[in-house]
Structure formats: C-alpha cells, structure tokens
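Here are some notes to read alongside the model, set out as numbered points. Please keep the sequence and the structure open while you go through them.

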Amino acid sequence: MDVYGGITWSEIAALVPRSHDYAWKLYVTEPFRRTYLRAAIDALGLPTGSRGLDAGCGIGLQSMLLADAVGQEGSVTGMDISRELLDCAASITQAGGYSGRIALVEGDICRLPFADDTFDWLWSADCAGCHTRDPLPLVRELARVVRPGGTVALLIHTSQQLLAGYPRLEARLNATASGIAPFTKDMAPEAHYLRALGWFGTAGLDDNRARTFLSEFQAPLDPEVRTALLALVKMRWPGVRAELVPQEWELFRRLCDPASPDFIMDRAGYYAYCAATLFTGRVPTV
C-alpha cells in the first residue's frame, strides 16, 4: 500500500532497523496515528510552496506527509536530536522520492540551529511540549524561527479508548503513573500539555486555537492496525502491574495478550479510537 510518496509500507519496514527499538516503535505505531495525522495536516492548510520545520521528525514519516501538503515547490526540514533516527529518515525519504524536498538536520528543540524567521511554519508531533516542566522558553524558541504571520503547530496524543466494555479497568490504567505520563504528580498544572493554549498566549502568539482529531478502528482490524494498537497498549501502560490489584492485572493480561482467547482486539464488534489535539498559534506581525 502506498501511503507515503512512492514507497510502500513494507518497503519502509525494510529500511527501519529492528535493532533500534525506538525507530521500530515509530514505524509500528504509525498506523494508529495515520488518520489523525493526515486530518491535522489538512486542517493547517499549509500554503503551497511554503517552507516548514518538522521538529522532532523521528524516522521522517510525517516529514513526507508535510512535504506532500506543501507540494513540489515547497520544502520541509526534518530535525531530530538522534543521528540514528535521522539516518533512518534519510533512507526512507530518499526511497520515497523526496530528495531535494526534505532536508534533515541534527538539532535540539530547546536550542534550534536556525536563524530567526527561517520558516513559514513549524510542526512538532508528540515531541515539543510533551515532556517539559517549563514550556514557555520552549514555545518562544519554536516561535523564534518562524516568520511573522507564520504558524506554530503542536500535535499531541491526548487520549485513547482501547478496552471497550471495561471502563473501570481502563480508567484505572489511565490513573497509573504510566497512564498520566509524561505528566508527573509533582509537575505544575500549567505544565500539562492540554494547557498549551495558555503557553502560546503567554509567549506572545495570537489566534491561538485547539482542535482534536480521531483515528477510529473497528473489527475486523487490518493486521498493521492490530499490531499498532497492541504496541500502543504496551507503550501507554508499561509497568502497571505494581499499581493494580491482582484481579485488575489478571483481567488486563487476558484482554491484552494476543495469545489469550479473551484478546479484546480479535472480538467481533471491537471498536477503539485514539485522539490527538492540534494546538496552533500565529507569530505576531507587529
């Protein structure tokens, strides 16, 4: 299936080293994000021919979607702090036919290696704003490299419903330390990513908006989606056993173990969704 330029999903898999755990997770989990990523990028209405930054680009999958959005005359710079991820992104974007339209740069989102007003827009998905205790300096740094009138856009995975019919268990899982991560109980409420509109306003951005997008799934699941949702379960709720009573843990294990006859994702009528919220702000022109 062609989902990114001229490269198929199986061809991308051959370019992602399974020995690099995080790179492989980015590949495996992308199918549950795909619908809301495309919808969020479409909603931005990126100008044809514009130049943008994908801050925290990982293995380059979203850089390709962004490059498609700005067309042949536009360009995207993908930036990541990991040289290994960038090497993987280079292989994928070149194989997809994006040479000359996507440049890859090593850098830190807290100290962007670009001059002021370099880009028409900036995009960061599940990266900028997710893990910081002091978001204002970060937002100001992101806005620094965007020209006046340009857009800063942060897309953040904000919720999921994966265990239909077991609301008490899912609520319990979401209340664990891993369930609220990357937020921690000692962080200020203002640092929570759902407060991003406040960050944008305090940082001086205007026309600040938030909009939530869904990826929805129902049985029978495509194999790649089934694998992605199972990976999400493992990523979203790792190490929860110590915080659950034995009965809760046993139910969780039965529902989320593919070898179990009770594996929930194989049930007829299964439905799930994942939500991501897009926060946007405009760099003032005055």
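**Notes on the sheet and on one buried aspartate**

1. In this predicted model, strand β3 (residues 51-55) and strand β6 (residues 119-125) run parallel and are joined by three bridges. If you look along β3 for Asp54, you will find that its bridge partner in β6 is Trp123.

2. These two strands belong to an open sheet of seven strands, whose order is β5-β4-β3-β6-β7-β9-β8 and whose pairing is mixed. At the edges stand β5 (102-106) and β8 (206-218), and because each has a single partner strand, one side of each is left without a neighbour in the sheet. From one strand to the next, the twist averages 20 degrees.

3. Helix α2 (residues 21-44) lies across four strands of this sheet, namely β6, β7 (146-161), β8 and β9 (271-282), and its direction makes an angle of about 150 degrees with β8.

4. Asp80, which lies in strand β4 (residues 75-80), deserves a careful look. Which side chain of opposite charge is nearest to Asp80, and how far away is it? The answer is Arg83, at 9.3 Å, and Asp80 is therefore without a salt bridge although it is buried, given that a salt bridge needs the charged atoms to be within 4 Å.

5. What the side chain of Asp80 does reach is backbone: the nitrogen of Gly58 at 2.9 Å, and the nitrogen of Ser82 at 3.0 Å. Leaving aside residues up to four places away in sequence, Asp80 touches Gly56, Cys57, Gly58, Leu85, Leu86, Val105, Glu106 and Gly107.

Definitions and conventions:
Residues are numbered from 1 along each chain as its sequence is written. This is a predicted model: local features need pLDDT of at least 70, side-chain atom pairs count only at pLDDT 80 or more; totals for chains, interfaces and linings use all residues. Side-chain values use heavy atoms; hydrogens and water are left out. Buried means under 20% relative accessible area, exposed over 50%, partly exposed in between (1.4 Å probe, protein chains only). Lys and Arg count as positive and Asp and Glu as negative; His and the chain ends are not counted. A polar contact is a pair of N or O atoms within 3.5 Å; within protein, one must be able to donate a hydrogen and the other to accept it, and residues adjacent in sequence count only if both atoms are side-chain atoms. Contact means heavy atoms within 4.5 Å. Two strands pair if DSSP finds at least two bridges between them. Axes are lines fitted to C-alpha atoms, for helices over the stretch in contact, and angles run from 0 to 180 degrees between N-to-C directions.
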